[in-house]
Amino acid sequence: MARTLELTQLRSFVAVADCGGFHRAANALHVSQPTVSHHIRRLEATIGQPLMVREGRTSRLTAAGEMLLADARRMLEIHDEAMRRIGNAPETDEVVVGSTEHAADQLLPELASALQASLGVARIRFRLDRGAVLQTALDRGDVDLALLFGAPDDDRSTGSGRLTLRWYSAPGWAPPTDGTAIPLVAFDEPCAIRNRALETLAAHHTPAAVVCDAAYLGGVLAAARAGLGVALLATVGRTPEGLVERDDLPVAEPIALAVRSRRGLRRELAVEAARSIRQVLDVAG
C-alpha cells in the first residue's frame, strides 16, 4: 500500500520543530500535547524511521527529520496558498506570528496569551525562523506579523521595545588571559546579535573570533555548553540550563525589536501586537 503524508501530521511536526518541544507546539496549535505526540508517531510510522528525539523538555530533529522539515514547510505553504487562492480556505480567526528564536525563546507562552487577548483572535500560530526568511514570508503573505531585530524602518513596522543581551558560557569556561582572541559561539551570518557581540568587544579593544556558528539556537547553546566559547544571548533574565552568566565581559547594549506586518493587514493589529510585546518584556525583565 502506498504511503501518504498527512497534512495535519506535517503541521504538528513543523510546529514541534519551530517551537522546540511538544508542549509549546500543542499550545501554538491549540490542541492537546497527546494529540501532537500521536501525529508525530503516525508520521514516523509513515516515514519508517524516527524524526525527533526528546531531550528533557525540548526535542531535536534526527537526520531524517532535518531532511523532511524543509519539504514539510513547502507542502504546507503550497496547500495553504492554494486554499487561499481558490477561495475555499476555512474561515478561521487566526494570526500567524513569525519570530526569530532569540526573540521568542522563553517568551512563547506569555507572548501567545498576551497577543491572543490584545488582538482579539481565536488562535495565534507561531513560526520561528531566521529574520531574512521571515521577511520573505511576510512579502508572500504566509506570515501576518513578524517580530524582528532593528528599529522601525517603514510604515509597516512598529517599535516593540528592546531585548537585554547577556554573556553566557559553560561553568568551567574562562576568557583567555594571554591576549589571544576570546572565542565566540554565535548564529551564522546574517545575525544582529552576532554583530552586536563582535562590535561590543571591539569597542573595548578586546580581540574576539567566532569559533563556532550555528543556524539555530539549539546549536549555539550546545556549543556554549560544550565550552567552545562564550555566547551573547537574549534570555529575558533567565539563565539557559547548563550555562552561567558572565559579568567579566563588556556590557552589550540592548537590541531593538520591531513588529512588521504583511501588506494589507490592518494597522491596528501591528500596533496592538507591539504593545503586548512591550508589556511582556517589561514584566519578564
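Which residues does V259 touch, not counting residues up to four places away in sequence?

The model is predicted, so local features are given only at pLDDT of at least 70 and side-chain atom pairs only at pLDDT 80 or more, while totals for chains, interfaces and linings use all residues. Residues are numbered from 1 along each chain as its sequence is written, and side-chain values use heavy atoms, with hydrogens and water left out.

**Exercise 1. List the contacts of V259 and place this residue in its core.**

Begin with the criterion, in which contact means heavy atoms within 4.5 Å. On that basis, V259 touches L145, A146, L147, R156, S157, T158, S160, A270, A273, A274 and I277, not counting residues up to four places away in sequence. Next, consider the nonpolar core, a set of buried Ala, Val, Leu, Ile, Met, Phe, Trp, Tyr and Cys residues joined through side-chain atoms within 4.5 Å; buried means under 20% relative accessible area, exposed over 50%, and partly exposed in between, with a 1.4 Å probe and protein chains only. The largest such core has 43 residues, of which W167, L233 and V259 touch the most other members. A second, separate core holds 20 residues, including A26, M52, A64 and A72.

**Exercise 2. Work out how the buried residues of α7 are arranged, and what they pack against.**

Helices (H or I, at least four residues) and strands (E, at least two) are DSSP runs, numbered from the N terminus. In helix α7, which spans residues 131-140, L134, A137 and L138 are buried. They lie on the same side of α7 because they cover an arc of only 105 degrees around the axis, the arc being that of the directions from the helix axis to the C-beta atoms. The buried residues of this helix pack against β3 (94-99), β4 (123-128), β5 (145-149) and β12 (255-261). After α7 comes G141, with a positive phi near 85 degrees.

**Exercise 3. Decide whether S261 and R263 are buried or exposed, and trace their contacts.**

S261 lies in strand β12 and counts as buried, because its relative accessibility is 6%. Leaving aside neighbours within four places in sequence, S261 is in contact with L138, D144, L145, R156 and A270. R263, found in the loop between β12 and α10 (267-284), counts as exposed because its relative accessibility is 56%. With residues up to four places away in sequence again not counted, R263 touches D139 and R156. R263 and L138 are 125 residues apart in sequence, yet their C-alpha atoms are 7.8 Å apart in space.

**Exercise 4. Describe the salt bridges that R262 and R130 form.**

A salt bridge requires a side-chain nitrogen of Lys or Arg within 4 Å of a carboxyl oxygen of Asp or Glu, and by this rule the count comes to seven. R262 pairs with D144, the closest N and O atoms being 2.6 Å apart. This pair links distant parts of the chain, with R262 in the loop between β12 and α10 and D144 in the loop between α7 and β5, 118 residues apart. R262 is partly exposed, at a relative accessible area of 24%, whereas D144 is buried at 9%. R130, for its part, meets D188 in a salt bridge of 2.5 Å, N to O. Here too distant parts of the chain are linked, since D188 is in the loop between β8 (182-187) and α8 (192-203) and R130 in the loop between β4 and α7, 58 residues apart. D188 is partly exposed at 23%, and R130 is buried at 18%.
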